[in-house]
Amino acid sequence: MTGVRIAGVGLTHFGKHPERTGRDLFAEASASAFADAEVPRDDIEELYYGNFMGELAEHQGHQGPLMAEAAGIRAPATRYESACASSGVAIRQAVKDVRNGEADAILVGGAERMNNLGTAKTTEALAIAADDLYEVRAGITFPGAYALMARAYFEQYGGSREDLAHIAVKNHANAVPNEHAQFQKEIELEQALDAPMIAEPLGLFDACPITDGAAAVVLVSDEYAEEHGLDAPVSVTGTGQGGDRMALQGREYLARSPAAEEAAEEAYADAGIDANDVDVAEVHDCFTIAEVLALEALDFYAPGEGIGAAKRGETTRDGDRPINLSGGLKAKGHPVGATGASQLAEMTRILRGDHPNSDAVPDAKVGVAHNAGGTVASATVHVLEVHK
Amino acid sequence: MSENEHANTGYDEWLDAIEDGNAYYLECSNGHGSLPPRRICPECGEIGLEETPLPETGTIDTYTVVHVAAPSFADDAPYTTAIADFGPVRVTAMAPDDVAVGDTVSLTIGESKTNGDRLLLFERR
């Protein structure tokens, strides 16, 4: 089985671009990835593309071939949809296909256009990641679902809105030097705590913004990288995916994310590492509580112990294991279908040393990307290592 | 997103039953609970699920007060949505605004202020 190298990565600016089409966003991200990869477009054998709400946002289904055309490649193209984990599952398929020899070079990525809908319609669109009959019709919004998990967490393990606010403060601080981030500005703890409520106990600063953007990654086999003399120092060494019941009400746990626990366990075993080996991670903090659930699913903390990590300074850029040096979904932004691929892109830059926050982890060799769909009914975890 | 746009066989009849005071859940031969429409037990794969009376009361596990609503709940906001544990199944429904974790509730049918659709509602007992 061949290894999988990250030959190049590309991102658009994440932010408010309501006038830009999905195809234009993905074209820009893919062009950046090809420029970074020095892989000819003709060598690409597949496009795996993540998108969640293209039908609702711009009346566009069948986005695989559309995005291949936008990227200037002639290859079979497939869209993957797994809510906010759409490009995470696309990456997993790409990793498997390079490993099993199906392809030597794959373009994987995702895009989402959201701001053209406005807040109310985007809230409605995002809710379709929940169970329509049993959650949406009972008034559950996406923030509402995570608010239910946050309260369940507080009830079971303790913790406070202040603990969550420290996560928002940390991720905003990380985003300041990141030119791709939606919010390159710091926030104060009081500002987060005093912000209007979205779905109690979650306020405005507990939530990621509504974001337009795209991400693309060129993956190649070890053999391809060596034959073509590519400078591709980062490998994907582990992939894992887990699943859970669709609706929160059907789950065993309301304050844990077993789908991500399964994904992490599988990815760590695949890479031959454990949680202690991980130097740095990008996790799916669509809401501040989601970062807590992620830290515990990744086995960085036992259940109930992840809530204070940011407050204690363990996950800040100066901490033992910095989390979301990109700014995370919270401050970098969350163009849903692009997020999994953007995490891979950011982690690649962090490990290569060309991310504005690479200096926080100069000796990092192992990074993890954790991408979650809906209320973590689906999740992927990927392990990235500096190629030996 | 009005429920009247299309029928949802299984779910609609379940709402009717709750409205008539005959709330039920589906039980497989191994005793696992689930909610309709469903043919197969999600826990063990058994088929032939039986309609079994839902326990009259459940306990609130968690709740949220939603301030930013989707257009289909615009006139309802702010509103409270909760998950309650009825034993064999959990149910998600709108709840009284002063609900608390651990409260005992029963399941009934209410109406959306926004579009008049039927919706699940917890009443404190």
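This tour visits backbone features in chains B and A of a predicted model.

Begin in chain B by selecting Pro36(B) and Pro37(B), and display the backbone atoms that link them: the peptide bond running from Pro36(B) to Pro37(B) is cis, with omega near -5°. To place this bond in its surroundings, extend the selection to the flanking elements of chain B, where Pro37(B) sits in the loop that lies between strand S2 (33-34) and strand S3 (50-53).

Staying in chain B, select Ala77(B) together with Pro78(B), which are joined by a cis peptide bond whose omega is about -5°. Here the elements to bring into view are strand S4 (58-66) and strand S5 (79-85) of chain B, since the loop between them is where Pro78(B) is found.

Now turn to chain A and select Glu38(A), a residue other than glycine whose phi is nevertheless positive, near 55°. Glu38(A) belongs to the loop of chain A between helix H1 (22-37) and strand S2 (46-50). With the surface switched on, is Glu38(A) buried or exposed? Its relative accessibility is 64%, and because the cut-off for exposed is over 50%, Glu38(A) counts as exposed.

For the final stop, remain in chain A and select Asp299(A), which is not a glycine but has a positive phi of about 65°. The loop to trace around Asp299(A) is the one between helix H11 (288-297) and helix H12 (328-332) of chain A. Asp299(A) has a relative accessible area of 54%, and therefore it is classed as exposed.

Conventions. Residues are numbered from 1 along each chain as its sequence is written. Chains are lettered from A and ligands numbered from 1 in the order in which they are written. This is a predicted model: local features need pLDDT of at least 70, side-chain atom pairs count only at pLDDT 80 or more; totals for chains, interfaces and linings use all residues. Side-chain values use heavy atoms; hydrogens and water are left out. Helices (H or I, at least four residues) and strands (E, at least two) are DSSP runs, numbered from the N terminus. Buried means under 20% relative accessible area, exposed over 50%, partly exposed in between (1.4 Å probe, protein chains only).
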